[in-house]
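Let's work through this protein one question at a time. Keep the sequence and the 3D view open as you read.

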Amino acid sequence: MASPHDRSRKDDEDDPVEQMISRTGCAELHHAIQECMAEHQDWRACQNQVQTFKDCMMNFQKARKEQLRQQQLPSTKSAAS
């Protein structure tokens with residue numbers, strides 16, 4: 001039986017952070033930051049990529065918040081009736 005403290009993953013298992021970013025639609029921008037960082041070894045040289053990724057994530061969060069708000073509206077209306 002595996003130990004519950006064993007945090008190792010199988011090689012074919014995706015990184016949970018990568019999975020989360022993929023669901024946002026911003027994965028390509030995240031990879032652009034990683035490539036820039038690998039090339040320049042200085043985050044300051046990658047500010048354009050960071051800002052573009054940040055904008056993408058903020059847009060995703062706003063859309064998600066609106067989606068959740070829309071899902072709650074029908075239940076709120078039926079409760080008020």
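Q: Is Cys 56 buried or exposed?
A: This model is predicted, and the accessibility is computed from it. Buried means under 20% relative accessible area. Cys 56 comes to 19%, so it counts as buried.

Q: Which residue does a disulfide join to Cys 56?
A: A disulfide is a covalent bond between the sulfur atoms of two cysteines. For Cys 56, the S to S distance in this link is 1.9 Å. The partner has a relative accessible area of 0% and is buried. That partner is Cys 26.

Q: How many residues apart in sequence are the parts that Cys 26 and Cys 56 tie together?
A: Cys 26 sits in the loop between α1 (16-24) and α2. Cys 56 belongs to helix α3. The pair therefore ties together parts that are separated in sequence by 30 residues.

Q: Is the disulfide of Cys 26 and Cys 56 left-handed or right-handed?
A: Look at the torsion about the S-S bond, which is about -90 degrees. That value makes the answer left-handed.

Q: Which residue does a disulfide join to Cys 36?
A: The structure holds 2 disulfides. In this one, the S to S distance is 2.1 Å. Cys 36 lies in helix α2, and its partner, 10 residues apart from it, lies in the loop between α2 and α3. The partner is Cys 46.

Q: What is the relative accessible area of Cys 46?
A: Take its partner first: Cys 36 has 6% and is buried. Cys 46 is buried too. Its relative accessible area is 0%.

Q: What pattern do the disulfides of the protein follow?
A: Count the bonded cysteines along the chain. One link joins Cys 26 to Cys 56. The other joins Cys 36 to Cys 46. The pattern is 1-4, 2-3.

Q: Which helix gives the most to the largest nonpolar core?
A: This core has 7 residues: Ile 21, Cys 26, Ala 27, Ile 33, Phe 53, Cys 56 and Met 57. Both α2 (27-40) and α3 (47-80) supply at least two of them. With 3 residues, the top contributor is α3.

Q: Which residues is Ala 27 in contact with, leaving aside its neighbours within four places in sequence?
A: Ala 27 is a member of the largest nonpolar core. One of its contacts, Ile 21, is a member too. The full answer is Ile 21 and Ser 22.

Q: What distance separates the C-alpha atoms of Phe 60 and Arg 23?
A: Phe 60 is in helix α3. It is partly exposed, at 29% relative accessibility. Among the residues it touches is Arg 23, which is 37 residues apart from it along the chain. Their C-alpha separation is 9.5 Å.

Q: What is the phi of Gln 41?
A: Gln 41 lies in the loop between α2 and α3. It counts as exposed, at 64% relative accessibility. It is not a glycine, yet its phi is positive. The value is about 55 degrees.

Q: Which residue forms a salt bridge with Asp 42?
A: The closest N and O atoms of this bridge are 3.0 Å apart. Asp 42 is partly exposed, at 23%. Its partner counts as exposed, at 58% relative accessibility. The partner is Arg 44.

Q: How far apart are the closest N and O atoms of Glu 66 and Arg 69?
A: Both residues lie in helix α3, 3 residues apart, or about one turn of the helix. Glu 66 is partly exposed at 33%, and Arg 69 is partly exposed at 42%. They form a salt bridge, with a closest distance of 2.8 Å.

Terms used
Residues numbered from 1 in each chain as written. Predicted model: local features only at pLDDT ≥ 70, side-chain atom pairs only at ≥ 80, totals over all residues. Heavy atoms only, no water. Core = buried A, V, L, I, M, F, W, Y, C linked by side-chain atoms within 4.5 Å. Buried < 20%, exposed > 50% of the residue type's maximum accessible area, 1.4 Å probe, protein only. Helix = DSSP H or I, 4+ residues; strand = E, 2+ residues; numbered from the N terminus. Contact = heavy atoms within 4.5 Å. Disulfide = S-S within 2.5 Å. Salt bridge = Lys/Arg side-chain N within 4 Å of Asp/Glu carboxyl O.
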